[in-house]
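Got your viewer open and a selection box ready? Let's take a walk through this model, one selection at a time.

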Amino acid sequence: MQVIAKAQQAEGAVGQAGASRGIGREGPSLFDGVDLHALAAQVSTPCHAYSANAIRERIAGLQSAFQGLDHRICYAVKANSNVAILQLMAHHGVGADIVSLGELNRALLAGIPAEHIVFSGVGKTTEEIASALAVGVWRFNVESLDELQLLQEVAQRHGVCARAAARINPDVDARTHEKISTGKSENKFGVSIDEARRWFANAGSMSNVLLDGLHAHIGSQILELEPFREALTRVEAFRRELVDAGHPIASVDIGGGLGVCYRKGVDHPIPAAEYAGLVRVVFAEFQGTLVLEPGRYLVAEAGILLTRVIRVKPGVDRSFLVVDAAMNDLLRPSLYEAWHEIVPLVGGDREPARYDVVGPVCETGDTFARGRAMARCEAGDLLSIGSTGAYGASMASTYNSRPLAAEVLLDDGRYAVIRRRQTMAEMIAGEQLPQVWNET
Ligand SMILES: Cc1ncc(COP(=O)(O)O)c(C=O)c1O
Ligand SMILES: N[C@@H](CCCC[NH3+])C(=O)O
């Protein structure tokens with residue numbers, strides 16, 4: 001109950017978490033000018049914290065790498081759909097790549113104009129297409145013939161013309177984790193160039209769809225330039241073929257996928273300028289608009305997950321650091337065996353130790369790190385789990401009936417609670433014991 005009370009106090013708060021105050025034995029640990037000990041005490045843990053300045057830097061870096069090219073950055077909302085982050089995107093002229101009505105509503109609420117929104121995804125429903133058409137999204141990245149036909153039907157019914165891009169599956173290995181690889185022919189995404197060729201050949205028969213774009217997204221957390229080169233070269237060759245065949249292409253959407261550094265000295269991300277350099281070369285002859293859909297690149301390294309040690313539990317041959325965050329707050333280590341830096345925010349006088357860092361969820365997979373070297377910890381210590389800004393909170397669940405963690409935006413020594421920790425009542429809202437039995 002104490003945790004809930006603290007979270008409720010912080011609801012809607014814009015705080016000043018004592019950037020320069022000495023915080024007991026731990027000393028100050030600053031993130032975007034905010035003292036994390038004070039923040040954790042005020043907002044409670046687990047808590048996702050995002051640095052507005054780190055996000056701004058990433059946006060500016062990408063914009064400057066692509067300067068001079070006709071392009072639009074459409075942030076992949078799935079990476080982090082927090083409306084405060086979407087609002088930052090909107091302020092900097094960044095559009096959105098959405099995959100659901102929920103993401104559409106969040107993007108619009110945050111002030112991203114519909115004409116800066118692209119709609120991707122293999123499972124768009126009639127309802128989703130109709131709603132996206134009603135608000136006037138910029139284009140649909142179409143992933144199957146069935147979807148293309150549905151788009152035509154729904155657009156005709158609404159008396160509008162939908163702009164569409166064919167999502168190409170270039171059959172390229174992105175050399176990333178297999179669960180986040182999307183550009184091989186065995187993956188569910190997009191269609192082959194052969195199939196797309198047929199779509200364009202028949203495009204004239206669709207009165208309410210303007211098929212004048214191409215799209216490709218080969219996967220996520222890509223750390224090598226070569227897969228991008230292969231995929232984009234195939235897309236560009238196809239674009240030229242289409243133009244020669246009388247099908248003008250107004251936009252090419254090159255997807256997202258740029259990787260980030262989770263583990264210093266091990267992950268070597270592609271610098272934005274190098275990526276942009278490749279795009280400039282491959283699309284040197286293209287006169288239309290290039291669309292970028294970065295997700296992770298813009299937000300991953302701008303986020304941390306704050307968690308407290310509940311207890312240190314000695315095992316037979318290892319020590320378990322049981323923390324109050326769990327796989328429901330950050331699924332990546334459990335799902336992809338992903339590495340995240342874990343830093344105890346303790347004084348420098350602690351001796352070294354080695355722990356399996358685990359959450360309270362009843363699964364062995366609820367493990368953030370195995371045999372990780374770090375400073376010796378004790379109950380109550382605060383830890384920061386690094387690079388959790390992308391696919392952290394957006395993949396959270398209430399598994400084990402654990403309420404969703406708080407989310408805060410930090411900006412130059414101030415913080416705003418943008419989602420307070422879910423209350424128990426909110427977590428079970430909408431559920432009821434069976435009182436009325438319906439028959440079908
Ligand atoms: C269609 C599409 N675009 C963009 C992204 C964003 O990818 P990333 O976060 O790797 O930039 C994804 C997710 O991989 C996606 O499926
Ligand atoms: N959820 C994945 C990324 C998926 C990208 C979505 N297409 C991750 O955490 O790395």
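## Tyrosine 391

Please start by selecting tyrosine 391, which counts as buried because 25 other C-beta atoms lie within 10 Å. This is a predicted model, so keep that in mind at every stop. Tyrosine 391 sits in the loop that links β18 (382-385) to β19 (406-411). Setting aside neighbours within four places in sequence, show Ala79, Arg296 and Arg332, the residues in contact with tyrosine 391.

Tyrosine 391 also has a database note attached. An unreviewed UniProt entry lists it under "binding site", along with Gly257, Glu293, Pro294, Gly295 and Arg296.

## The two ligands

Which residues surround ligand 2? Select Lys78, Ile180, Ser220, Gln221, Arg332, Tyr391 and Met395 to see that shell. Colour the shell by class and you should get 3 nonpolar, 2 polar and 2 charged residues.

Now colour by domain: the chain is divided into domain 1 (2-51 + 300-422) and domain 2 (53-294). Why does ligand 2 lie between the two domains? Domain 1 and domain 2 both give residues to its shell, so ligand 2 lies between them.

Move on to ligand 1, which has 17 residues around it. Ala76, Ser220, Gly256, Gly295 and Arg296 come nearest. By class, the shell of ligand 1 divides into 6 nonpolar, 8 polar and 3 charged residues. Ser220 is worth a label, as it appears around ligand 1 and also around ligand 2.

## Glycine 257

Next, select glycine 257, one of the positions in the UniProt "binding site" list. Look for it in the loop between β11 (251-253) and α10 (272-282). Is glycine 257 buried or exposed? It counts as buried, because it has 31 C-beta neighbours inside 10 Å. Leaving out residues up to four places away in sequence, glycine 257 touches Ala174, His217, Ile218, Gly219, Ser220 and Ile222.

## Where the domains meet

Zoom out and place a centroid on each domain. Taken over C-alpha atoms, the centres of domain 1 and domain 2 are separated by 33 Å. Their contact takes 23 residues from domain 1 and 17 residues from domain 2. On the domain 1 side, highlight β4 (47-51), β19 and β20 (414-419), each of which supplies at least two residues. The residues on that side of domain 1 divide into 12 nonpolar, 5 polar and 6 charged.

While you have ranges in hand, try residues 54-300, which an unreviewed UniProt entry lists as "domain: Orn/DAP/Arg decarboxylase 2 N-terminal". The end C-alpha atoms of this span lie 10 Å apart, and the span is 39% helix and 15% strand.

## Two helices

Select helix α2 (residues 36-43), which is mostly covered, with 6 of its 8 residues buried. The buried ones are Leu36, His37, Leu39, Ala40, Gln42 and Val43. Step past the end of α2 to serine 44, where phi is positive, near 80°.

Then go to helix α4 (residues 83-91), whose buried residues are Ile85, Leu86, Leu88, Met89 and Ala90. In an α-helix there are 3.6 residues a turn, so residues three or four places apart point the same way. To see what covers the buried residues of α4, show elements including β4, α3 (52-65), β5 (71-76), α5 (101-109) and α11 (296-299). Just after α4 comes glycine 93, again with a positive phi, this time of about 75°.

## Proline 360

For a change of scene, pick proline 360, in the loop between β16 (352-358) and β17 (367-375). Proline 360 counts as partly exposed because it has 15 C-beta neighbours inside 10 Å. Apart from neighbours within four places in sequence, proline 360 is in contact with Ile310, Val322 and Ala326. Draw a distance from proline 360 to glutamate 230: they are 130 residues apart in sequence and 44 Å apart in space, C-alpha to C-alpha.

## The whole chain

Finally, clear the selections and show the cartoon. The protein chain has 13 helices and 20 strands. Its radius of gyration is 23 Å, close to the 22 Å that the globule rule gives for 440 residues, so the chain is as compact as a globular protein of that length. A box along the principal axes of roughly 70 × 60 × 45 Å holds the C-alpha atoms. Of the 440 residues, 46% count as buried. Among contacts between residues at least 6 apart in sequence, 69% join residues at least 24 apart.

Definitions and conventions. Residues numbered from 1 in each chain as written. Chains lettered and ligands numbered in written order. Predicted model: local features only at pLDDT ≥ 70, side-chain atom pairs only at ≥ 80, totals over all residues. Near = placed C-beta within 6 Å. Nonpolar A, V, L, I, M, F, W, Y, C, P; charged D, E, K, R; others polar. Domains from an automatic or database assignment. Helix = DSSP H or I, 4+ residues; strand = E, 2+ residues; numbered from the N terminus. Rg over C-alpha atoms; globule rule 2.2 N^0.38 Å. Buried ≥ 20, exposed ≤ 12 C-beta atoms within 10 Å, placed from the backbone. Contact = placed C-beta atoms within 7 Å. UniProt positions renumbered as here; feature names shortened; annotations may be inferred.
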